[in-house]
Amino acid sequence: MALVAPAATRAVLFGPSQDDAFFPDPVHLIGKDFMVATVEQLYAAWIPGPILGIETSCDETAASVLATDGAVLSNIITSQHAVHRRFGGVVPELASRAHIESIEDVSSEALRQSGLTWADLTGIAVTQGPGLAGALLVGVNYAKALAYILKIPAVGVSHLDGHIASAWLQDPEFPLPCVVLVVSGGHTHLYFKESSGHCRLLGSTRDDAAGEAFDKGAQMLGLEYPGGPAIDRMARQGNPAAIAFPRSYLKKGSLDFSFSGLKTALLYTLQAMPEESRVARAADLAASYQEAIVAVLVEKSFAAVRSSGARALAVVGGVSANSRLRALLQQRATRESLDLSLPPIAYCTDNAAMIAAAGRQALRAGLRAPLDMDAQPSLASSFAHTI
Ligand code: KG4
Ligand code: ZN
């Protein structure tokens with residue numbers, strides 16, 4: 001694989017530097033004297049080279065290195081599930097602390113596994129939002145410190161753009177235009193991604209995101225956090241047609257979603273059941289509840305493909321790891337002869353390869369983060385616009 005010679009690349013951007021050979025751990029350098037790139041240098045044309053991606057928006061600390069050609073050289077993810085499990089959900093303060101504890105190790109390991117050195121990096125992409133403020137701050141500040149020390153550009157990207165970009169990580173040739181369904185813990189968004197790369201929002205959830213419906217449903221069923229994978233596992237032993245949970249399609253032609261009624265239906269079903277039946281029928285409950293979520297996701301995605309005239313569908317975000325959703329999407333795509341991008345599981349749930357991929361696009365488009373870049377907990381997609 002051809003990598004741009006990094007020292008030469010930086011020499012072009014910033015002039016020759018004495019310290020190309022060795023970049024010590026940035027945390028130990030704070031407060032020391034550094035040569036800072038000028039604004040002109042920071043905004044100079046970016047010469048494609050390896051990129052480090054950093055993701056700390058929620059409860060995963062992740063770092064990844066992409067090669068010059070966009071291939072994933074490493075993808076390291078440390079999950080904080082063990083930290084949050086006993087609380088039944090993410091505790092923001094604990095999340096920030098855990099990110100601080102692991103970000104250096106995770107980034108160093110991503111670099112080690114990539115076979116590159118700090119000096120080889122030519123850009124840093126970091127999740128700027130949306131997410132938990134304190135958690136985002138850890139990644140944003142770490143990325144800025146690294147960029148400052150390595151004298152390479154940093155760019156802040158939307159977590160949503162990262163999820164969207166994950167559809168092209170495995171298959172860079174996946175066709176455009178296409179419909180993209182982003183289904184995660186915070187979002188259920190259907191986009192039309194144009195040939196230009198711009199995304200037009202076709203529909204989104206009016207209340208809970210699909211991942212939230214999984215997580216809250218799992219809590220009601222007494223399953224462990226995170227709820228999505230727990231329901232997925234439990235549902236494999238159950239009958240998806242056992243209990244007729246409502247499927248909310250909203251008004252005809254609508255590409256919006258709503259999962260709050262389903263959640264209430266599960267609550268009432270459980271309240272009406274004696275304790276022994278709840279336990280005995282746990283697998284049927286999980287399978288039927290899951291089916292009500294995934295059936296709507298599949299139906300609306302294919303309706304969006306039909307109405308938009310696209311011939312390709314990408315499904316991304318944590319919920320796209322769901323085995324039943326993946327099976328139904330694959331069956332339907334084969335039946336309708338559509339191209340389907342379903343990223344490998346490691347790229348579905350939060351990861352930094354997707355952030356590096358979105359950052360690579362942003363750097364190529366000339367975007368650079370100023371050194372006063374801040375976390376933006378409510379950041380939307382930068383590539384998307386609504387009609
Ligand atoms: O994309 P993601 O890792 O983080 C956010 O951006 O929110 O998505 C997390 C969501 C959680 O709600 C989690 O329960 C759900 O994805 N999830 C799943 C599965 N794996 C993760 N939901 C259903 N089935 C799964 N196998
Ligand atoms: Zn996510």
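**Exercise 1. Serine 337**

Work out whether serine 337 is buried or exposed in this predicted model, and describe where the residue lies.

*Solution.* Start with the area: serine 337 has a relative accessibility of 58%. The cut-off for exposed is over 50%, so serine 337 counts as exposed. Next, find its place: serine 337 is in the loop that runs between α12 (323-335) and β10 (339-341). Finally, check the backbone: phi of serine 337 is positive, at about 50°, although this residue is not a glycine.

**Exercise 2. Lysine 151**

Find out what phi is for lysine 151, and decide whether the residue is buried or exposed.

*Solution.* First the angle: lysine 151 has phi near 60°, which is a positive value in a residue other than glycine. Then the location: look in the loop between α5 and β5 (154-158). Now the area: lysine 151 has a relative accessible area of 8%. Buried means under 20%, so lysine 151 is buried.

**Exercise 3. Two peptide bonds before prolines**

Look at the bond from glycine 129 to proline 130 and the bond joining leucine 176 and proline 177. Are they cis or trans, and which loops hold the prolines?

*Solution.* Take the glycine 129 to proline 130 bond: omega is near -5°, and the bond is cis. Proline 130 sits in the loop between β4 (123-129) and α5 (133-150). Move on to leucine 176 and proline 177: omega is about 0° here, and this peptide bond is cis too. You'll find proline 177 in the loop between α6 and β6 (178-183).

**Exercise 4. Ligand 1 and its surroundings**

How many residues surround ligand 1, and which side chains have polar atoms lying by its nitrogen or oxygen atoms?

*Solution.* Begin with the neighbours: 18 residues surround ligand 1, and the closest are His163, Gly185, Asp215, Asp232 and Gly318. Now go through some polar side-chain atoms one by one:

- Histidine 163 has one 3.0 Å from an oxygen atom of ligand 1.
- Aspartate 232 places one 2.9 Å from a nitrogen atom of the ligand.
- Asparagine 322 has one 3.0 Å from a nitrogen atom of ligand 1.

Then ask how covered the ligand is: on its own, ligand 1 exposes 550 Å², and the protein buries 88% of that. The space taken by ligand 1 is the largest pocket. As a last step, pick out the elements that give two or more residues to the shell around ligand 1: they are α6 (159-165), α7 (210-220) and α8 (227-235).

**Exercise 5. Far along the chain, what about in space?**

What separates the C-alpha atoms of glycine 211 and threonine 188, and those of tryptophan 168 and proline 343?

*Solution.* Glycine 211 and threonine 188 are 23 residues apart along the chain, and their C-alpha atoms are separated by 8.2 Å. Glycine 211 belongs to helix α7 and, at 5% relative accessibility, counts as buried.

Now the other pair: tryptophan 168 and proline 343 are 175 residues apart in sequence, with 8.1 Å from C-alpha to C-alpha. Tryptophan 168 lies in the loop between α6 and β6. With a relative accessible area of 15%, tryptophan 168 is buried.

**Exercise 6. Cysteines**

How many disulfides does a search of the whole structure find?

*Solution.* Recall the idea: a disulfide is a covalent bond between the sulfur atoms of two cysteines. To count one here, a pair of cysteine sulfur atoms must be within 2.5 Å. The search of the whole structure gives 0 disulfides. Round off with the surroundings of two cysteines: cysteine 58 is partly exposed, with a relative accessible area of 24%, whereas cysteine 348 is buried at 0%.

Conventions
Residues are numbered from 1 along each chain as its sequence is written. Chains are lettered from A and ligands numbered from 1 in the order in which they are written. This is a predicted model: local features need pLDDT of at least 70, side-chain atom pairs count only at pLDDT 80 or more; totals for chains, interfaces and linings use all residues. Side-chain values use heavy atoms; hydrogens and water are left out. Buried means under 20% relative accessible area, exposed over 50%, partly exposed in between (1.4 Å probe, protein chains only). A residue is near a molecule or strand if one of its heavy atoms lies within 4 Å of it. A polar contact is a pair of N or O atoms within 3.5 Å; within protein, one must be able to donate a hydrogen and the other to accept it, and residues adjacent in sequence count only if both atoms are side-chain atoms. Accessible areas come from the Shrake-Rupley method with a 1.4 Å probe; for residues, only the protein chains shown count as cover. On a 1 Å grid over the protein atoms alone, a cavity is a set of points where a 1.4 Å probe fits but cannot get out, and a pocket is an open set with protein on both sides within 12 Å along at least five of seven lines; lining residues have an atom within 4 Å of a point. A molecule sits in a cavity or pocket if more than half of its atoms lie within 2 Å of its grid points. Helices (H or I, at least four residues) and strands (E, at least two) are DSSP runs, numbered from the N terminus.
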